[in-house]
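Hello,

Here is the structure you were waiting for. Please open it first, then read my notes below.

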Amino acid sequence: MTAAILTEGLPQVGAEVSCIPALKQFSRLLLEKNQVMNLTAITDPDQVATLHFLDSLAVWQGADLSGKDVIDVGTGAGFPGVPLKIAHPDVRLTLLDSLNKRVDFLREVCEALSLTDVACVHGRAEEFAAGHRERYDAAVSRAVANLRLLAELCLPLVKVGGVFLAMKSTDCEEELAEAKNAIKLLGGKTERVVDYTIPTTDVVHRLVVIRKLSPTPAKYPRRFAQIKKQPL
Ligand code: SAM
């Protein structure tokens, strides 16, 4: 069944069906490891295919990331980064997460799937920025923080001219409005908002496409306690 879902859904998100075996292997590794550590609340393989894989791949609708340096901030069990890398092998990927156990899992996945040009990094985005400021063509992030906070974690990492793709639900109007000032202060501008239906489902999610127009002032990002206490 999962193969049928992917066969139908992958072309709709700009991916080839030839990546199905690798996606199925990732799904197996994810669900196996999920028995012993908390990686995902979604445990039905068909839902892994739709709500994790096809959803992750919909990021491509925000920007063509071929050959780009991409960082997935707060990647967790590898979403959206790992499906993106499987479907688009020429992406140079950094998977960043503050939870070491998850990063160890991602290293196992990369080895098992022979994924190259992937850096699995244990760290906090706001600290990682010190050595990796404006290094990436794109930052992607799903389900990590409110956009107002998330912008301060992600935009400092993005090159001027690059893009920050925030994966959100469709009820984020207020969140978007509240984040407007933060995005501007950090050198970004919301370019467009793309609502997409996850193929083979009726679930609609939203991609917020934020362009980096000018350098992020050196005082950002601040320490996380400060970001949380006084969001921009
Ligand atoms: N992006 C994945 C997804 O959509 O399934 C994981 C989402 S999970 C709810 C949020 C992840 O963000 C966690 O794995 C957490 O450790 C990580 N995280 C939270 N704050 C972070 C930060 N400041 N820097 C790096 N990772 C962070």
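**What I found**

Ala3 has a relative accessible area of 27%, so this residue counts as partly exposed, because buried means under 20% and exposed means over 50%. Keep in mind that this is a predicted model.

Ala3 belongs to helix H1, which covers residues 2-9. Setting aside neighbours within four places in sequence, Ala3 is in contact with Ile20 and Lys24. I also checked Ala3 against Asp46. They are 43 residues apart in sequence. In space, their C-alpha atoms are 8.7 Å apart.

**The cores**

In soluble globular proteins, nonpolar side chains tend to be buried together. Here, the largest nonpolar core has 52 residues. Which of its residues touch the most other members? They are Leu10, Phe26, Leu65 and Leu165.

Take Phe26. Not counting residues up to four places away in sequence, Phe26 touches Phe53, Ala77, Phe79, Val82, Pro83, Ile86, Phe105, Val109 and Leu113.

There is also a second, separate core. This one has 32 residues, including Ala125, Ala182, Leu186 and Tyr220.

**Helix H8**

Ala182, from that second core, is also one of the buried residues of H8. The others are Glu175, Leu176, Ala179 and Ile183. What covers them? The cover includes helix H7 (147-154) and three strands: E5 (158-169), E6 (188-197) and E7 (204-212).

H8 itself runs over residues 173-185, which is 13 residues. From first C-alpha to last, H8 reaches 19 Å. That is close to the 18 Å expected at 1.5 Å a residue. Where does H8 bend? At Ala179, by about 40°. Ala179 is also on the buried list. After H8 comes Gly187, with a positive phi near 95°.

**The ligand**

There are 16 residues around the ligand. Gly74, Phe79, Asp97, Arg102 and Arg142 come nearest.

Three polar contacts are worth a look on screen:

- Gly74: a backbone N or O atom lies 2.8 Å from a nitrogen atom of the ligand.
- Phe79: a polar backbone atom is 2.8 Å from a nitrogen atom of the ligand.
- Glu126: an N or O atom in the side chain is 3.0 Å from a nitrogen atom of the ligand.

Phe79 turns up twice in these notes. Phe79 is among the residues that Phe26 touches, and Phe79 is also one of the residues that come nearest to the ligand.

Best wishes

Key:
Residues numbered from 1 in each chain as written. Predicted model: local features only at pLDDT ≥ 70, side-chain atom pairs only at ≥ 80, totals over all residues. Heavy atoms only, no water. Helix = DSSP H or I, 4+ residues; strand = E, 2+ residues; numbered from the N terminus. Expected span 1.5 Å × (residues − 1). Bend = angle between axes of the 7 residues up to and from the residue. Buried < 20%, exposed > 50% of the residue type's maximum accessible area, 1.4 Å probe, protein only. Contact = heavy atoms within 4.5 Å. Core = buried A, V, L, I, M, F, W, Y, C linked by side-chain atoms within 4.5 Å. Near = heavy atom within 4 Å. Polar contact = N/O pair within 3.5 Å; in protein donor to acceptor, adjacent residues only side chain to side chain.
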